[in-house]
Every structure is written in C-alpha cells, then in structure tokens.
Amino acid sequence: ESWQLIEIDREIDPARLSIISRRLRSTLDDVGAAVADWRSMRGRLRELAVALEKSPPPMPDKEVEEARALVEWMVDKIFSLFGYRRYSLERGRGQDFLKPDVASGLGILSARRAGNARPRPTRLTGEIRRRAREREMLVITKANAVATVHRATYLDYVSLKTFDRRGAVSGEHRFLGLWTSSAYSHSPSEIPVLRRKVSQVFAHFGLPPQSHDAKAVLHVLETFPRDELFQASVAELITVVRGIVNLYERQELRLFVRRDPFRRFYSCFVFVPRDRYNTEVRERIEAIVLHAFHGKAIETQVQLSDSVLARAHILVRTDPDDPHKADLAEIEKLMARAVRTWSDAFREALAARYDEARCLALIRRFERAFSDVQGNTGVGAQSVPVGVVVPEFHPFGDLRGLRLQFLQADDIRGVAL
C-alpha cells in the first residue's frame with residue numbers, strides 16, 4: 001500500500017466534509033478497479049488484435065490492418081486502461097438501442113465496482129444513430145466524464161466496432177482511459193490510424209513532396225493536437241488544414257470549428273495575431289464561444305511559436321440535446337472585434353475618408369501619436385473620429401505631447417485630448 005498525507009484548509013462544515021470523504025473514496029475505488037483489472041483489459045485487447053488478424057470483419061483490408069495495429073499499439077502501454085465493456089446494437093424502425101453486456105465490464109465499468117449503478121441501454125436517434133450504424137472500424141473521441149485516475153482530464157474513448165455476416169454494425173468493444181505521453185510525443189507518421197489519415201490528407205492536395213506548400217501542409221499536421229488527429233475525420237482535417245495553410249502567416253483572426261459527432265462539445269481553433277494575444281484577449285474569446293455555443297464548460301490550450309499567429313485550441317462542452325445552431329461567421333466577427341486595436345480603427349477610419357496615398361501618409365505621421373491607447377484591444381470605433389479630425393485641423397506636425405484619455409464616470413463616456 002501507498003500512504004499519502006494531504007493537507008487542506010480546515011473545514012468544519014459537516015456537509016462539505018461528507019462530500020470530500022465520498023469523493024476521495026470514489027476516486028480510490030476507481031484506482032483500485034483500474035489496477036485490479038488492468039491485466040484483464042490488456043488481455044482483451046490482445047484477443048481482439050488476434051481476432052482481427054485471423055477472422056477480419058468484412059471491411060477494407062487497409063482499414064482492418066490499421067485498426068489491428070492501433071490495438072496492438074495500445075497494448076504496448078501507450079493507452080492507460082481504466083475501463084472496458086462490450087455493447088450490442090439493437091436496431092429499430094425509428095430508434096436503435098446500444099445495450100451493455102453487464103458481465104463483460106472491467107475496471108471502472110465493472111459491475112463489481114462499489115457504487116456502480118447497473119448500466120441501462122442507450123437510446124440512439126438522429127445523427128448519433130446514423131453514426132452508430134456507420135461502417136467504420138474505430139470511433140475515437142472524448143468521453144463526457146473526467147478521469148479520476150492519473151490526471152484530471154476528460155477520458156479518452158476508443159470503440160472497436162463489431163459486424164455481422166452481412167457487414168452491418170452489430171455492436172462495439174468500448175475502452176476508456178487516457179493516451180500516455182508517448183501518443184503525444186510520437187510523430188503522427190509513426191502512429192497507427194493517424195499515419196493513414198495524414199497520408200490521405202496529404203494525397204488529397206496532390207502537392208510535389210519538396211514544394212513549399214507540401215512542407216506547410218506537413219508542418220500543420222505534425223503540430224496538430226493529437227486528440228484532434230485521432231478524433232477528426234479525413235474530410236474535416238482537409239478543411240481545417242487547407243484553411244490554416246491558406247493563412248500564409250497573414251496577421252488576421254481566423255476561426256475553425258469541428259462538432260463532436262455525439263454533440264458533446266465543439267472543438268475550436270482560433271488563430272490570433274501574436275502581438276494582439278494576451279490573457280485579456282483569451283478571456284474575451286472564451287466568453288464569446290461559451291455564449292455562442294451555449295456552452296457549459298470550457299478548456300483552452302494555447303500554442304505560441306515563432307509564427308506571427310498565436311493558436312488557441314478551445315473545447316466548449318455542450319448539452320447533446322440542445323438543438324441550438326451557432327452562426328460561425330458572426331462568432332468570427334465578434335472575435336475579430338475583441339482583438340481590434342485603436343490603431344486598427346484609426347486606419348479603417350482614414351481609409352474610409354482619404355485615398356490610399358493620403359491615408360498611408362497620415363498613418364505614418366500620426367498613428368503613434370497616441371501611444372497610450374495604440375495597443376488597446378477591443379476599442380470601439382466610436383473613439384476614432386477624434387483621431388481622424390486631428391490631421392485635418394490640427395496646426396502642429398507632432399502630436400506626441402498630447403494625451404488621449406478615455407473617460408467613463410456614471411453615465412458620461414467620451415474621449416478627451
């Protein structure tokens with residue numbers, strides 16, 4: 001046994017102490033169940049790998065081969081196994097049911113685990129029903145529960161579908177756990193399933209291997225979040241990769257969105273000019289997507305590299321039953337406004353009033369005259385007319401001695417020089 005001493009702030013509320021105790025015991029039960037059944041779950045993976053080799057389902061050979069390679073890769077301690085259960089798909093006229101084989105459960109999905117309620121069949125309708133029937137070997141996504149073992153992040157969900165003699169989907173083998181660091185450190189070209197996706201995406205563009213565009217596509221795929229590579233379809237990857245490559249280091253905001261097929265979350269890639277990105281901008285963008293997608297929770301990972309663009313990968317957790325459809329174009333406009341600086345507004349106002357030569361001359365002369373507000377993001381266009389009027393009527397050539405101040409007191413708002 002391993003003993004740990006954990007010190008927390010003193011708690012005297014009996015109700016809160018009861019909650020803490022219950023959650024600790026539940027977590028320890030999860031750890032115990034995962035450890036006790038770990039070998040059995042690995043054994044189940046090995047059995048499935050052998051079955052795919054000796055009795056392959058009626059699916060394309062390459063797809064079966066990649067699925068088997070991934071299963072074997074998972075056995076090699078690349079996937080931390082927490083739970084397993086077998087499900088059968090029962091088809092109906094207007095709805096299907098995914099029925100659990102209770103006795104097959106292992107780890108945190110075991111019927112023997114203390115506190116586990118007896119699992120019930122899941123009713124499938126609409127898009128989720130269509131996806132369950134879809135002829136594909138693997139479904140890799142995120143579960144809607146946070147792991148209590150290893151690290152507190154949403155569980156990875158790997159489903160290996162089963163097929164009947166006619167080639168129709170008959171059920172699935174479901175594994176819950178977490179990809180280990182090896183899955184995130186290896187190149188996608190070395191990972192089963194991902195290497196095939198990368199090859200298909202690359203082949204779609206038909207680029208000469210040594211061309212600049214080919215290298216740009218490969219760089220996007222190599223630096224793409226592993227979870228997204230696992231979860232996104234080839235068609236979805238092609239759309240996003242094309243959009244990212246077409247940015248060509250242009251300093252403009254762009255939004256790319258993928259909806260989880262089970263409608264549990266939106267995966268958003270937001271590219272922001274790096275010189276505009278800061279904590280305040282991130283919080284504004286998070287507030288926008290949380291509201292626009294009717295989100296319940298949010299997770300953000302930011303990548304800052306030598307690129308002129310910062311990349312924020314935002315997962316917005318949603319209610320699967322919410323029929324709301326967001327306007328992606330409007331969301332992108334709101335984000336662009338959130339990172340817009342006073343200088344941007346100043347340039348746009350000048351461009352609307354003067355020809356190009358005059359506009360550029362005025363920008364060079366006056367843009368840095370208001371250094372106190374120049375870098376402010378989220379500044380509304382209403383503050384710009386002062387800056388536009390100055391070049392026309394101010395008799396001095398240098399305005400650096402002037403100070404532009406935003407006023408806000410009670411119901412009085414304005415700008416003063």
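**View 1. Val 193, a buried loop residue with a positive phi.** At 14% relative accessibility, Val 193 counts as buried (under 20% relative accessible area with a 1.4 Å probe, protein chains only; exposed is over 50%, and partly exposed is in between). Look for Val 193 in the loop between helix 5 (181-185) and helix 6 (194-205); helices here are DSSP runs of H or I with at least four residues, strands are runs of E with at least two, and both are numbered from the N terminus. Val 193 isn't a glycine, yet its phi is positive, at about 75 degrees. A word on the model: it is predicted, so local features need pLDDT of at least 70 and side-chain atom pairs count only at pLDDT 80 or more, while totals for chains, interfaces and linings use all residues. Residues are numbered from 1 along each chain as its sequence is written, and side-chain values use heavy atoms, with hydrogens and water left out.

**View 2. Two exposed loop residues, His 150 and Lys 325.** His 150 sits in the loop between strand 4 and strand 5. Here's another non-glycine with a positive phi, about 75 degrees, but His 150 is exposed, with a relative accessible area of 65%. Lys 325 belongs to the loop that links strand 10 (309-317) and helix 11 (328-338). Lys 325 is exposed too, at 76% relative accessible area. His 294 is 31 residues away from Lys 325 along the chain, and their C-alpha atoms are 9.3 Å apart.

**View 3. The six-stranded open sheet.** Read across the sheet and the strand order is 3-2-1-6-5-4, with antiparallel pairing (two strands pair if DSSP finds at least two bridges between them). Strand 3 (122-124) and strand 4 (138-146) are the edge strands; each has a single partner strand, so one side of each is left without a neighbour in the sheet. From one strand to the next, the twist averages 30 degrees; axes are lines fitted to C-alpha atoms, for helices over the stretch in contact, and angles run from 0 to 180 degrees between N-to-C directions. Eight bridges hold the antiparallel pair of strand 5 (residues 154-163) and strand 6 (residues 169-179). To find your place, pick out Lys 161 and its bridge partner in strand 6, Glu 172.

**View 4. Helix 3 lying across the sheet.** Helix 3 (residues 61-78) crosses strand 1 (79-90), strand 4, strand 5 and strand 6, and runs at about 35 degrees to strand 6; contact means heavy atoms within 4.5 Å. Its 18 residues reach 24 Å from first C-alpha to last, close to the 26 Å expected at 1.5 Å a residue (the expected span is 1.5 Å times one less than the number of residues). Buried residues of helix 3 include Val 64, Leu 70, Trp 73, Met 74 and Ile 78, and Glu 63 and Glu 66 are also among them.

**View 5. The largest pocket.** This pocket has a volume of about 1200 Å³. Its lining has 43 residues, and the closest to the centre are Thr 122, Asn 144, Tyr 157, Arg 174 and Arg 264. Strand 1, strand 3, helix 4 (126-133), strand 4, strand 5 and strand 6 each give at least two residues to the lining. On a 1 Å grid over the protein atoms alone, a pocket is an open set of points with protein on both sides within 12 Å along at least five of seven lines, a cavity is a set where a 1.4 Å probe fits but cannot get out, and lining residues have an atom within 4 Å of a point. Grid points are joined across faces, edges and corners, and a volume is the space filled by probe spheres set on the points.

**View 6. The largest cavity.** Searching the whole structure turns up three cavities of 30 Å³ or more, and the largest has a volume of about 50 Å³. Among the residues lining the largest cavity are Phe 224, Leu 237, Phe 256, Arg 258 and Phe 269. Helix 9 (234-247), strand 7 (254-259) and strand 8 (265-273) are the elements that give two or more residues to that lining.

**View 7. The four-stranded open sheet.** Here the order is 7-8-10-9, again with antiparallel pairing. Strand 7 and strand 9 are at the edges with a single partner strand each, so one side of each is left without a neighbour in the sheet. The twist averages 15 degrees from one strand to the next. Helix 9 packs on this sheet, touching strand 7, strand 8 and strand 10, and its direction makes about 175 degrees with that of strand 7. Strand 9 and strand 10 make a hairpin with five residues between them, and Thr 300 has Ile 314 of strand 10 as its bridge partner.
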